[in-house]
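Colleague: Before I take the terms in your description at face value, could you take me through what stands behind each of them?

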Amino acid sequence: MSAPSSPIASQLEELRAQLRHHEHQYYVLDNPVITDAEYDVMMRSLQKLEAEHPELITPDSPTQRVGGKPREGFVKAPHSSAMLSLENALDEEELRAFDNRVRELLNGAEYRYAVELKMDGLSLATRYTGGVLQQAITRGDGSIGEEVTENARTIRSLPLRVGADRIFEARGEVILGRRAFERLNVERDAQQLPRFANPRNAAAGSLRMLETAVTASRRLDYYAYFLLDEAGAPIFDSHWESLDWLAAQGFLVNNKRRICANVDEVLDFCRQYDAERDNLPYEIDGVVIKIDSIPQQRQLGYTAKAPRWAIAFKYAARQAETLVEDILVQVGRTGALTPVACLAPQVVSGVTVSRATLHNEDEIARLGLQIGDRVLVERSGDVIPKVVRVTQEGEPQVRRPFVMPTECPVCSGRVVREEGEAASRCINVNCPARLKESIRHFASRSVMAIDGLGDVLIEQLVEAGLVRSVSDIYQLTQEQVAALERMGPKSASNLIENIAASRNMPLPRVLGALGIRFVGERTAELLADEFGHMDRIATATVEELQTAQEVGPKVAESIANFFREPHNADLLDRLRAAGLKFDHVVKKKEGGPLKGLNFVLTGTLPTLSRDEAKKLIEDAGGKVVGSVSSKTSFVVAGEEAGSKLEKAKTLGIALLDEAGLLEKLKTENS
Ligand SMILES: [Zn+2]
């Protein structure tokens, strides 16, 4: 590369070099030396400088990792030499047969094996010229792949710039680690998108996104495992040496690798990682075994399909096919209902599997699964096995769809699936499946703040049958508590005192303690201020609830559902009998020019932010509510106002723009 020609150019190069260094420390060596915030500051100054001098942006700049405009599709690109797949050895016998062939073909010469983990992702060839990443090509059919260079640039562990000036090609595996995979599926649940079946599918899908920014958000990794020159030939005389060279250039090279002097050592390695594979942060499906010497590799040559100098030892499949006999529902400690497939018992790599999680209703729909179907199940780690896909639909006369129960299988309480949530939940606070969690929340610091009522004690109280409803804690006696294990008379009487003291907690705390979905501290306060009494909140309609500030349809629906559940209505009566505060003295704002007026904000105002406008209105004694109703006094509409504006027009509510609002504040003030 030519030397930077101006002070700006050298400043840019300096920043880039620093960022590259820190990316390598963080993503490859897993040893960050600066904080994320410091990194961000450095990145932002580079972005700023590049924005001022766009002509100086280079493809190897760390800013190019973030992704640009979506593309139409991918261009095909040929490989310099075929990306062959390896032959497989499925057991020790087949591996020893491979070793015997090698020994014969090498005519008694000494040889050694380079042994690496076979990571479960997709292969990618990356080409460098003058130390800069030029091109990244997927494996495709082995001779022609797809160019995905822009997407590959977003992979933080793939160096955009290396020290070596020579032209070379690294080959490696693009993978998604277990944690990144789990996180991705949780996000997809939240967005009600189908889950990815496994990390490999997720990695493959992510690398081929037309929108590079999406690839960038997926946290892929690149592990290099092979090195070639521009003609597609090896560079060094030993495979091991090429791995070390790649690591020295800044590539992530899996360090769980070994030089083995003979096949027995190879088998030891295979067994060791078969036992440890569940603890690795990524998925592997076997071990790759190569003759380390490149001259010996040449001597051994190739069959029509694969090299004779390498083999993949495949671990036993952790998948097996079986029948879904039924789908039951489990209730978790937060009340979430999880459908679970009951399977005809089947041994999957040494363990009998008879149940598999189905996560939620959307997942069942994605799989197209019905009871009576045959499915592929997969065991991974210690977690409960999962259904990968339907392999054969059941006969029409036995096949039947799963229906999420409307009653909780544990307590027959109401089951509700709130808007925007993947999970259905039992909303009975006293459901035995969630009682401990309900008490824990009830007693926690932010709500009833009952000191001394911790997890261990809750466990004891529920197990001893002393507490079957949250309200039962108000019936506990000092003697009952003192009789529990590890409880003395002193701590027992402290606890009883603390429970008694919690009776003075104000209504917002009591409301928050019920654990109604979407009702946190602030919403509880606003509700209490609006309605002034628990009973008025409990009997309010969905429409009425929305007159409270910040309460939209989703929250209102959740509150109304909660109080319509008979068990919860019963709990409310018991809490009332226990003497908890159900009424509330509303702290009314002193007068104010907008007193008694209700406002709804919608769209983007020209100068005021939503929060600023709200504060102005509230400081003037007005109220800002979430949705338009006949009780709304004014709708303040800005740019791109949507359905709220439509509704205001339909109901004939007065409209204001920002200027109108400011005017109103002024005139009403005078
Ligand atoms: Zn229940």
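Modeller: Phenylalanine 599 stands opposite valine 624 in strand 20, in a predicted model where local features need pLDDT of at least 70, side-chain atom pairs count only at pLDDT 80 or more, and totals for chains, interfaces and linings use all residues. Residues are numbered from 1 along each chain as its sequence is written, and side-chain values use heavy atoms, with hydrogens and water left out.

Colleague: What makes strand 19 and strand 20 a pair?

Modeller: Two strands pair if DSSP finds at least two bridges between them, and strand 19 (residues 598-602) is joined to strand 20 over two bridges, in the parallel sense, so the pair meets that definition. The strands themselves are DSSP runs (E, at least two residues), as helices are (H or I, at least four), numbered from the N terminus.

Colleague: Why are strand 20 and strand 22 called edge strands?

Modeller: The open sheet has four strands in the order 20-19-21-22, with parallel pairing. Strand 20 (623-624) and strand 22 (654-656) each pair on one side only.

Colleague: How do you know that helix 23 packs on the sheet, and at what angle to strand 19?

Modeller: Helix 23 (residues 643-651) touches strand 19, strand 21 (634-637) and strand 22, where contact means heavy atoms within 4.5 Å. Its direction makes about 135° with that of strand 19, while helix 22 (residues 610-619), which lies across strand 19 and strand 20, runs at about 170° to strand 19. Axes are lines fitted to C-alpha atoms, for helices over the stretch in contact, and angles run from 0 to 180 degrees between N-to-C directions.

Colleague: What makes the largest cavity, with about 40 Å³ of space, a cavity?

Modeller: On a 1 Å grid over the protein atoms alone, a cavity is a set of points where a 1.4 Å probe fits but cannot get out, and lining residues have an atom within 4 Å of a point. Grid points are joined across faces, edges and corners, and the volume is the space filled by probe spheres set on the points. The whole structure holds two cavities of 30 Å³ or more. Strand 8 (220-229) and helix 8 (239-248) each supply at least two residues of the lining of the largest cavity, and strand 8 gives the largest share, three residues.

Colleague: How many residues of that lining are charged?

Modeller: The lining of the largest cavity has seven nonpolar, three polar and no charged residues, with Ala, Val, Leu, Ile, Met, Phe, Trp, Tyr, Cys and Pro counted as nonpolar, Asp, Glu, Lys and Arg as charged, and the others, Gly among them, as polar.

Terms used
On a 1 Å grid over the protein atoms alone, a cavity is a set of points where a 1.4 Å probe fits but cannot get out, and a pocket is an open set with protein on both sides within 12 Å along at least five of seven lines; lining residues have an atom within 4 Å of a point.
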